[in-house]
Structure formats: C-alpha cells, structure tokens
Amino acid sequence: MSSKPTCPMSHEEAVDRYFLEHRAKVLDIAAFLDRLDRCDSVQTDYRVDALRKCVEVLLEKNSARTEKILVILSDQSKKPLEAATEQGASGAPNPT
Amino acid sequence: MTYIDPHIHMVSRTTDDYERMALAGCVAITEPAFWAGFDRSSPQGFYDYFRQLTDTEPKRAAQYGINHHCWLCINSKEAEDVGFAREVISIIPEFLDHPTVLGIGEIGLNKNSKNELVILEEQLALAEKHDRLVLVHTPHLEDKLKGTLLIMEAVENTSISPDRVLIDHVEEHTVGVVLSRGFWAGMTLYPNSKCTPQRAADIIETHGTERLWINSAGDWGPSDPLAVPKCRLELANRGHSTDTINTISFENPLNFLSKSGRFSIHS
C-alpha cells in the first residue's frame, strides 16, 4: 500500500482522545518558563530562546508546525565540523 | 497479528523483554551494532561484541520464537579516532559471511565531523565491496537535519542503490527528503526524543506507508521494547486499516530486509 491516508478520526474524536494529554503538555511548558523566572538570576540561554521561538510557531495557522519547529531546533550549517569535540547534543543549535 | 522490530539493541535488554515482545506478537528482530554508552578501549572489545551479536543473541531470541539477525559496523560516536575505527573495520569481514549478518549498520554521523564522514565513507565502501544492505543512524536532535543531508550525499557518491539503504530515526523535517531521494526510512519510537507512537502515526498519515517502517531502537537509555505494538495500537485506535498497520510493521520490514538474501522470520 502506498496511498496517503489522512487521519480517519473526526475532529471531535481527535479532540476527545488527545486534549487532556496536550493540555498537560502546554502546562508543563508554562511551568518550566515560570520556574526559570524563579531561578536565582536572570540569564539568557540559546536553548530557551529557541523554545520561545517554537512556542510562537504553535499559534501559526498551517499544518506543518512540527516540521517548522524541528528546523528551528536544527543546526542549519552545511559543512562538516573540523572535529567532534563532544559526543552529545543539546537539543538546539548553539550560536557560538 | 505478528510484527517485526527491525531495530532494537537486545544486548542492552533483559530476557524478560524477549518474552514480552513474543507475547505481543514479535516474530523477528534485527540488531544493529551501536555505541554501548561508553567508548570501548580496544578493537578486541568490538570483536567480542560482534561475537555476542552473531552467536549469543540469536540463541537468546530463539528461546521465545523470535528470529534474530544483526548488522555490523563501528558506530559514529566512536569514529572520531580514525586509526582506531579502521582497526575495527578490519575485523568486520571475518563476520560478514555469518548467515545472520544482514549488512553494515548502524553507520552514519553523530556530530557531523570530517572524521566521522571519512569512516562513514569507508564503511559504505565495505558494503559496496560485499554488496550488502546498509542501515543508517542519523544524528540526534539539532544535528539530525544537517547529518541526514550529508549522509545521503555520501551514499549517492557510491554505486549503492538508495533502495538498499534504510535511513533511520527520521522525523517530520527529514522524512520527506529521505523518501523523495529513493531511500527507505525508519521511524524510531522513543518516549523523549525522535518519534512518539502518536507522531509516527501522524507521519504515516502525511507521507503514506511506502518504504517506511517503525522500530523501537530499545537500548540502555529511555526506550520501550514494546514501542512497535504500541504504535500499532495507536494506528488501530485512530481507525487505520489492518492493511496499513501490517504494511508498516511487518510487510515493509520484511520487504527491505529480504533484499539481503538472508532474512527470514523462521529460524
């Protein structure tokens, strides 16, 4: 099978199934940002800056929000690094 | 219904997991060589790992009626030391004729460095020389998009046909370009990164089922060896057909893995 099925659920069925799960997730994001506000000093962090840009995308009216957010969270340079100085990833491109 | 988990690291899982997977309908798995959570201190450590993948795990899986195949390589996280990586690559041919070895994998990139790319190209050459399938690991998080593009370019510089290469860990920003260039694509179902079962179902609804599979990539980190049946349940709960569910979790893995000439769901 190679066709592209759309979501078989009705809008109401999808909301009924997923609303509470995503209500909790948006509260988690809000609580995380509130938590940062309560920390001992006001700082900026490239990961939080990227997260704030992602939150803005959520309010856009299109059907490719996930892809757009993933691109915001991606290193968009083209050339290989001279050397890998670490093994891990931070989740957002470090501008430095 | 039965299913295949085409990417799971059972060396990091308990025997109880084999039992739970069998109870959930798993009949076959394939296990790529990967990073153990630490850098190995010698090529001999890889030799023993390859013995574990080719001898020990098939026997452990068979106790629960699951057929086990594997892929061999040095992973990209341990590829920065080119000399070390080449010593490991030199071991691989000794194991390639083992009947359960399907190909080279999971090779790829981690931080998208020049040395990682050199070792990727040398392992693609190994697959090319021995006419083997390739299973590709794409980088994590912010490095995935760039790495996926570099990897596809490296494959396209060889004579390996894209339809003999599975590019794994795709997400919404990479699945389209991977499929459009003729590769197979794998969605890895993780709780905190890569794809959740819900997002994998969304991608199937957006991109269809052609040349696409799902896997758990269960390992020593946060992961779920029952992620494939959970995604099947997600698809069923949404009202997708048995045909769609079977295609994504059984027929597609069977079709790609059978290109090796060695894969079977029966031991």
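Leu117(B) is found in helix α5 of chain B. The model is a predicted one. With 20 other C-beta atoms within 10 Å, Leu117(B) is buried, because 20 or more is the cut-off for that class. Leaving out residues up to four places away in sequence, Leu117(B) touches Leu109(B), Leu150(B) and Ala154(B), and also Pro80(A) of the other chain. Its C-alpha atom and that of Ile91(B) are separated by 20 Å, with their positions 26 residues apart along the chain.

**The two chains**

The contact between Leu117(B) and Pro80(A) leads to the interface. There, 29 residues of chain A are in contact with 32 residues of chain B. On the side of chain A that touches chain B, 15 residues are nonpolar, 9 are polar and 5 are charged.

Chain A has 3 helices and 0 strands, in the pattern α-α-α along the sequence. Its radius of gyration is 18 Å, well over the 12 Å that the globule rule gives for 96 residues, so chain A is more spread out than a compact globule. The C-alpha atoms of chain A fill a box of roughly 45 × 40 × 25 Å along the principal axes. Of its 96 residues, 8% count as buried.

Chain B contains 10 helices and 8 strands. A compact globule of 267 residues would have a radius of gyration near 18 Å, and the 17 Å of chain B agrees with this. The C-alpha trace of chain B spans about 50 × 40 × 35 Å along its principal axes. Buried residues make up 55% of the 267 residues. Of the contacts in chain B between residues at least 6 apart in sequence, 74% join residues at least 24 apart.

**The nonpolar core**

In soluble globular proteins, nonpolar side chains tend to be buried together. The largest nonpolar core here has 79 residues, and those touching the most other members are Leu72(B), Val134(B), Ile151(B), Val165(B), Ile167(B), Leu189(B) and Ala200(B). Helix α5 (residues 114-130) of chain B gives the largest share of this core, 6 residues. Leu72(B) is in contact with Ala33(B), Phe50(B), Leu53(B), Ile92(B), Phe95(B), Val101(B) and Ile104(B), when residues up to four places away in sequence are not counted.

**Packing of α2 and α3**

Phe50(B), one of the residues touched by Leu72(B), also takes part in a helix contact within chain B. Helix α2 (residues 43-62) and helix α3 (residues 82-91) of chain B pack with their axes 9 Å apart, at an angle of about 35 degrees. The crossing of α2(B) past α3(B) is right-handed. From α2(B), the contact is made by Pro43(B), Phe46(B), Tyr47(B) and Phe50(B), and from α3(B) by Glu87(B), Val88(B) and Ile91(B). Sorted by class, these are 6 nonpolar, no polar and 1 charged residues.

**Trp184(B) and its surroundings**

Trp184(B) lies in strand β7 (residues 184-188) of chain B. It counts as buried because it has 28 C-beta neighbours inside 10 Å. Apart from neighbours within four places in sequence, Trp184(B) is in contact with Asp163(B), Val165(B), Leu166(B), Ile167(B), Arg211(B) and Phe256(B). Two of these contacts, Val165(B) and Ile167(B), are also among the core residues that touch the most other members. Trp184(B) and Lys59(B) are 125 residues apart in sequence, and their C-alpha atoms are 29 Å apart in space.

**Backbone features**

Arg211(B), in contact with Trp184(B), has a positive phi although it is not a glycine. Ala217(B) likewise has a positive phi without being a glycine. The table sets out these two residues.

| Residue | Phi | Loop of chain B | C-beta neighbours inside 10 Å |
|---|---|---|---|
| Arg211(B) | about 55 degrees | between α8 (197-207) and β8 (212-215) | 21 |
| Ala217(B) | about 45 degrees | between β8 and α9 (227-238) | 26 |

Arg211(B) counts as buried with its 21 neighbours, and Ala217(B) is buried with 26.

A further backbone feature of chain B is a cis peptide bond from Gly105(B) to Glu106(B), with omega near -5 degrees. Glu106(B) lies in strand β4 (residues 101-108) of chain B.

Terms used:
Residues are numbered from 1 along each chain as its sequence is written. Chains are lettered from A and ligands numbered from 1 in the order in which they are written. This is a predicted model: local features need pLDDT of at least 70, side-chain atom pairs count only at pLDDT 80 or more; totals for chains, interfaces and linings use all residues. A nonpolar core is a set of buried Ala, Val, Leu, Ile, Met, Phe, Trp, Tyr and Cys residues joined through C-beta atoms within 7 Å. A residue is buried if 20 or more other C-beta atoms lie within 10 Å of its own, exposed if 12 or fewer, and partly exposed in between; C-beta atoms are placed from the backbone. Helices (H or I, at least four residues) and strands (E, at least two) are DSSP runs, numbered from the N terminus. Two residues are in contact if their C-beta atoms, placed from the backbone, lie within 7 Å. Ala, Val, Leu, Ile, Met, Phe, Trp, Tyr, Cys and Pro count as nonpolar, Asp, Glu, Lys and Arg as charged, and the others, Gly among them, as polar. The radius of gyration is taken over C-alpha atoms; the globule rule is 2.2 Å times the number of residues to the power 0.38. Axes are lines fitted to C-alpha atoms, for helices over the stretch in contact, and angles run from 0 to 180 degrees between N-to-C directions. A crossing is left-handed if the near helix is turned anticlockwise from the far one by less than a right angle, and right-handed if clockwise.
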